[in-house]
Amino acid sequence: MNDNTIGFIGLGNVGSKIANNIIKNGYKLYVNDLDESTSHILVSKGAIFCKSIEDLIPKVTVLITCLPSPESVKNVLLKCLPFFENKHLWIEMSTTDEKEMKYLSKLVFDKKANVLEAPITGGQHRAESGNISILVGGNKEAFKRSFPLLSCIGHKILH
């Protein structure tokens, strides 16, 4: 499976820095954020802005979300879900609610797609340098699949 096409939703203080590291490592990156202006720097470096989630999901095999609240994670995922196929891997990097994450993961698994919960530690300064720690929960197959990508985002990656 070609995992060189990555989608990224949530370009805030941390998300934009993580997305920048993905671009620097040669991945083709499609981005979306409610505030389109957050994408201008990334687009100048090669990212492709998608005006809608419906436009973004079919173009990627891996989707990363980095959003400000469990409610925003749920809202975004429910918009993504109709477009998920078995090729998709959703990597959730926000701070989420355990019960909600289990519920959303089941919806993704029902589409034959895969999920990793991968919260980060270290803040925006370490995210900028690619030196964050990533605590990854999910099955071993999805973890192995995501490891090259996660390695360009973080320094310590724990499964």
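Residues 24 or more positions apart account for 58% of the contacts in the chain with a separation of 6 or more, where contact means heavy atoms within 4.5 Å. The model is predicted, so local features need pLDDT of at least 70 and side-chain atom pairs count only at pLDDT 80 or more, whereas totals for chains, interfaces and linings use all residues. Residues are numbered from 1 along each chain as its sequence is written, and side-chain values use heavy atoms, with hydrogens and water left out.

## Overall form

The chain holds seven helices and nine strands; helices (H or I, at least four residues) and strands (E, at least two) are DSSP runs, numbered from the N terminus. Its C-alpha trace spans about 35 × 35 × 30 Å along the principal axes. The radius of gyration is 14 Å, which agrees with the value near 15 Å for a compact globule of 159 residues. This radius is taken over C-alpha atoms, and the globule rule is 2.2 Å times the number of residues to the power 0.38. Of the 159 residues, 49% are buried, that is, under 20% relative accessible area (exposed is over 50%, partly exposed in between; 1.4 Å probe, protein chains only).

## The nonpolar cores

A nonpolar core is a set of buried Ala, Val, Leu, Ile, Met, Phe, Trp, Tyr and Cys residues joined through side-chain atoms within 4.5 Å. The largest such core has 31 residues, and Phe8, Ile22, Ile64, Ile91, Leu149 and Ile153 touch the most other members. Two or more residues of this core come from each of β1 (5–9), α1 (15–24), β2 (28–32), β4 (62–65), β5 (89–92), β8 (132–135) and α7 (140–153). Helix α7 gives the largest share, six residues. Leucine 149 is in contact with Ile6, Ile22, Tyr27, Val62, Ile64 and Ile91, leaving aside its neighbours within four places in sequence. Another core, of 22 residues, lies apart from the largest one and includes Val60, Val76, Phe84 and Leu107.

## Three buried residues

The table sets out three residues by place and accessible area.

| Residue | Place | Relative accessible area |
|---|---|---|
| Alanine 19 | helix α1 | 0% |
| Serine 39 | loop between β2 and α2 (40–44) | 1% |
| Aspartate 33 | loop between β2 and α2 | 17% |

The contacts that follow do not count residues up to four places away in sequence. Alanine 19 touches Phe8, Leu11, Leu29 and Leu42. The C-alpha atoms of alanine 19 and glycine 7 are separated by 9.2 Å, and these residues are twelve apart along the chain. Serine 39 touches Leu11, Val31 and Phe49. Aspartate 33 is in contact with Gly10, Leu11, Gly12, Thr38 and Phe49. Between the C-alpha atoms of aspartate 33 and isoleucine 48, 15 residues apart along the chain, the separation is 12 Å.

## The largest pocket

Aspartate 33 also belongs to the lining of the largest pocket: with Ile9, Leu34, Leu67 and Val76, it is one of the residues nearest the centre, out of 20 lining residues. On a 1 Å grid over the protein atoms alone, a pocket is an open set of points with protein on both sides within 12 Å along at least five of seven lines, whereas a cavity is a set where a 1.4 Å probe fits but cannot get out; lining residues have an atom within 4 Å of a point. The volume of the largest pocket is about 380 Å³, a volume being the space filled by probe spheres set on the points, which are joined across faces, edges and corners. Helix α4 (residues 70–80) supplies the largest share of the lining, four residues. The lining divides into ten nonpolar, seven polar and three charged residues. Here Ala, Val, Leu, Ile, Met, Phe, Trp, Tyr, Cys and Pro count as nonpolar, Asp, Glu, Lys and Arg as charged, and the others, Gly among them, as polar.
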